[in-house]
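Biologist: Could you take me through one part of this model, starting at the pocket second in size and going on to the packing of the side chains around it? I would like a connected account rather than a list.

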Amino acid sequence: MFAVMRFEKLKTFGNIGGVESHCLRSRETLNADPAKSMLNRWIVGDGSITSEVKRRIGNRKIRKNAVLAIEFLLSASPEYFRPDHPENGGEFRKDRVESFEKAVLDWLTNKFGNENIVSVVTHLDEQTPHLHAILVPIDPTTDRLNASGWLDGKKALAELQTSFANSVAHLGLKRGMERSTATHVRISEYYVHVNSPITPELPKILVEPPPAMMLGTSRIEWAQIESDRLVSIQTSTLQPLADAAAEQKREKQRRKKAELETSRLSRLLELERIRDIPLPAVFAMCGYEIDPDDKHQYQGPLGRISTETKNGKAKFYNHDRQKGGGGAIDLVMHLEEMDFSGVCAFLGGNFNADAISKAAAHKAMQEAKDALKQPVPLPTPDESTWLKVREYLIYVRKIAVTTVDKLYSKGQLFSDFRGNACFRYGQEGVELRGTTDHLWRGFRGKKTGFFSIWRGDITKSVAVCESAIEAMSYAELNPDASVISLSGLGGKKLVEALRTLKSKKKNMKIYAAFNADIAGDEAAQRLIVALPGVERHRPLIDGDDWNNVLQKVKETQASKTLFSPQEQNGIRGANPDYLIINDQKIQLNN
């Protein structure tokens, strides 16, 4: 099994826009299955590739003919993604795709730097799963566009291929032949070769006779040179033919398989529609009467039969015969003592297509409703990304090392495989924060708990904040205050929790410490109305949150400058005279 990597240099924003269209599938891709397009997923970015490339380049000077971005296509042999049936194009094992995704992300991050990666999308709607990655080649040493540092020269390209192969070797994948005479084909050229309807003309090749006096090893060298020359001449013509022939063969196999699968699914669909015929209609057809005192009970020749719906499926049970089953087919088998073929003929002959279709549509609607009730899977800890997340919280968000490490050791804070900071809200919910230049915030699971930091007996106040990072920041600024983060939770559950805290400690203050914006003010007002006695604690500057305040405090502490009186009032919490940060007391002017 081999690892596959192709790349293409993008020198204009127009080319990048074309890549964006391809990744978003807004233009036709002939070897893609539209029915599977919903399986494609963004791992990095959200599809705004052109704008992300421009944002990453920023105000840097762009040289004429500079490479603005590089597009990578990364994949592997079909035998890796579907080891049991490599010939079945379009199939794949989910666990192997996820392992490949993780390995590719790790390689891209280590090779080019996390900040340079603006887009990674997985395509699962073609014959074999593959990833499209877009990165901006900004050299970390010079802070300039420098694609040549990674891509120029045979040695650099060979090392790039070897590096990628080494990063996926643990998956059982290996590198292609080194120093092969095969030439690199651009990604866009490959698709052109496959879909081109024009039959290319074979070039006329002139073979010169060897020099008459050439002997021994000289003749062998001459033959090798002529062979290489012929290969180079024919490659540009024969390669498109080879690509098209291979794709046509795969397409023929896929079409044949699709026809067989369509026939099989059609038969299954008919059986499912028959099976979904409502049980009351079957009872009526077989001469059974509903019990006037219980609409779920039926009486007939075989005695008393009850019905119920369990996990979205209709079931029945004959109490007199102590036998049961599920669906219309089983019920007719039981009532009429028919075999499977007889049941299908009986139901198909007594119920028209419209009735069967309505029954199937009703079932599909119920299954869709049940699916929507299922919670989103929670992210799981990934130790390989923790150091990156830890550095982000400490050096970018300016949160103390002791705070970060303590929450991590308690399991309240961890990182997932994409390098997001994850904060636990009870046992069933996790708040996620992106740690790249593309800032984002999300929530997974059920919102049934809170993220909190408790001070125990030294607690003088409790502050309610909007997110986990703001709660951590507030806790550092106010060392005798406990904090609760909502992340969208609230209502009766929050009010009851705060009321219980206040009843246990009469003099405890409760602050609505939301952000200094309209949404924060409105949320604070709702809390104050619901629980009298709550006070508003608002960052001084409009638009600020408590992490902004913490960063300003740390910057001021580092530069040893004093706060203005107005700024001191803005960062002051329950302690009016000083702040304690990293075990250091910072005196504030009054």
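**The second largest pocket and the nonpolar core**

Modeller: In this predicted model, the second largest pocket has a lining of 42 residues, and those that lie nearest its centre are Ile43, Asp416, Phe417, Arg418 and Asn420. The space in this pocket comes to about 1400 Å³. Sorted by class, its lining consists of 15 charged, 14 nonpolar and 13 polar residues. Strand E2 (41-44), helix H2 (49-57), helix H4 (94-112) and strand E4 each supply at least two residues of that lining, and H4 gives the most, with 8 residues.

Helix H4 leads on to the largest nonpolar core. This core holds 33 residues, of which Phe72, Phe100, Trp107, Leu108 and Phe164 touch the most other members. At least two residues of this core come from each of strand E1 (3-10), strand E3 (69-76), helix H3 (78-81), H4, E4, E5, helix H5 (148-151) and helix H6 (154-167). Here too H4 gives the most, with 8 residues. As a general tendency, nonpolar side chains in soluble globular proteins are buried together.

Within this core, Phe164 deserves a closer look. Leaving out residues up to four places away in sequence, phenylalanine 164 touches Ala3, Val4, Met5, Leu74, Phe100, Val104 and Trp107. A second, separate core has 32 residues, and among them are Leu413, Cys465, Trp546 and Val549.

The aromatic rings can be followed in their own right. The count of aromatic pairs is 16. One of them joins tryptophan 107 and phenylalanine 112, whose ring centres are 5.8 Å apart and whose planes stand at 90°, so this pair is edge-to-face. Tryptophan 107 counts as buried because its relative accessibility is 4%, and phenylalanine 112 counts as buried because its relative accessibility is 3%. Ring pairs also link these two with Phe7, Phe72, Trp150 and Phe164 into a cluster.

Finally, there is a loop residue to consider. Threonine 128 lies in the loop between strand E4 (117-123) and strand E5 (130-135). With a relative accessibility of 15%, threonine 128 falls under the 20% cut-off and therefore counts as buried. Apart from neighbours within four places in sequence, threonine 128 is in contact with Ser75, Ala76, Pro78, Phe81, Arg82 and His123.

Key:
Residues are numbered from 1 along each chain as its sequence is written. This is a predicted model: local features need pLDDT of at least 70, side-chain atom pairs count only at pLDDT 80 or more; totals for chains, interfaces and linings use all residues. Side-chain values use heavy atoms; hydrogens and water are left out. Helices (H or I, at least four residues) and strands (E, at least two) are DSSP runs, numbered from the N terminus. Buried means under 20% relative accessible area, exposed over 50%, partly exposed in between (1.4 Å probe, protein chains only). Contact means heavy atoms within 4.5 Å. Rings of Phe, Tyr and Trp (its six-membered ring) pair if their centres lie within 6.5 Å; planes under 30 degrees apart count as stacked, over 60 as edge-to-face and the rest as tilted. On a 1 Å grid over the protein atoms alone, a cavity is a set of points where a 1.4 Å probe fits but cannot get out, and a pocket is an open set with protein on both sides within 12 Å along at least five of seven lines; lining residues have an atom within 4 Å of a point. Grid points are joined across faces, edges and corners, and a volume is the space filled by probe spheres set on the points. Ala, Val, Leu, Ile, Met, Phe, Trp, Tyr, Cys and Pro count as nonpolar, Asp, Glu, Lys and Arg as charged, and the others, Gly among them, as polar. A nonpolar core is a set of buried Ala, Val, Leu, Ile, Met, Phe, Trp, Tyr and Cys residues joined through side-chain atoms within 4.5 Å.
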